[in-house]
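Please examine the following protein model. A student and a tutor will then discuss its architecture.

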Amino acid sequence: NLLGRKYALKDREKYSKMRLDMQIDQLMCSSEKLIPVFKELYGVNHCSSCEILGNCNTDVYFDQKFIDNSWEKLWKVFPEAKDKKVILYVPRKRIRNSTSEYKAFIDMKKLQEKLGEGYVVISSVRITRNEVAQSLDLPGFAKNVVGKMMIREAICACDYVVGDYRDAVFE
């Protein structure tokens with residue numbers, strides 16, 4: 001029950017009344033599995049119609065033209081990636097205070113030694129002027145493609161994703 005969870009609104013009575021006052025005849029969901037979740041969240045058990053329309057953020061991952069164009073773009077930006085397995089490395093910036101920075105990047109040189117010739121690494125990491133971070137570029141093996149490829153394209157142009165929580169949500 002969403003109302004019972006810690007992150008629910010503190011004023012449950014006000015939230016419950018607001019949900020009852022909603023006049024929703026049609027509910028749009030990204031997948032069939034989410035219909036009960038959306039109905040509970042919006043309090044629309046009386047809803048006569050639920051349409052599954054997908055999610056504009058995830059639909060591209062099933063668009064073959066987009067996928068093909070993403071691979072072409074990667075090979076243009078990082079020609080060494082052609083005919084190799086591509087690992088997308090997406091670390092999360094841990095914000096603790098104004099001096100926070102990316103912590104514990106993978107050592108690309110060591111990773112190259114361990115993986116050998118069949119792999120390359122791309123990353124999508126914005127490094128601001130206040131941050132000190134080791135280079136994510138290693139000629140012939142690793143390239144930071146931020147600003148050259150959208151994260152969606154990088155996701156489509158890789159064989160593996162390595163990282164933790166990311167703002168770019170995909171299924």
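The dialogue below moves from the overall fold to the cysteines and then to one helix.

This is a predicted model in which local features need pLDDT of at least 70 and side-chain atom pairs count only at pLDDT 80 or more, while totals for chains, interfaces and linings use all residues. Residues are numbered from 1 along each chain as its sequence is written, and side-chain values use heavy atoms, with hydrogens and water left out.

Student: In what order do the elements of the protein run from the N terminus on?
Tutor: Helices (H or I, at least four residues) and strands (E, at least two) are DSSP runs, numbered from the N terminus. The protein has five helices and six strands. Their order is α-β-α-β-α-β-α-β-β-α-β.

Student: What percentage of the residues in the protein is buried?
Tutor: Buried means under 20% relative accessible area, exposed over 50%, and partly exposed in between, with a 1.4 Å probe and protein chains only. Among the 171 residues of the protein, the buried share is 31%.

Student: How many disulfides does the structure hold, and why is C156 not bonded to C158?
Tutor: A disulfide is a pair of cysteine sulfur atoms within 2.5 Å. C156 is buried at 8% relative accessibility, and C158 is buried at 13%. The closest cysteine sulfur to that of C156 is in C158, and because they lie 8.1 Å apart, they are too far for a bond. The number of disulfides is therefore zero.

Student: Which span does helix α3 reach from its first C-alpha to its last?
Tutor: The expected span of a helix is 1.5 Å times one less than its number of residues. Helix α3 covers residues 64-77, which is 14 residues, and the expectation is 20 Å. The span in the model is close to that value, at 20 Å.

Student: Where do the buried residues of α3 fall, seen down its axis?
Tutor: The buried residues of α3 are F66, I67, S70, W71 and L74. The arc is that of the directions from the helix axis to the C-beta atoms. Seen down the axis, these residues line one face of α3 because they fall within an arc of 140°.

Student: What covers the buried residues of α3, and which exposed residues does the face turned away carry?
Tutor: The cover of the buried residues, with contact meaning heavy atoms within 4.5 Å, includes β3 (85-90), β4 (119-123) and α5 (151-156). The face of α3 turned away from its buried side carries the exposed residues K65 and K76.
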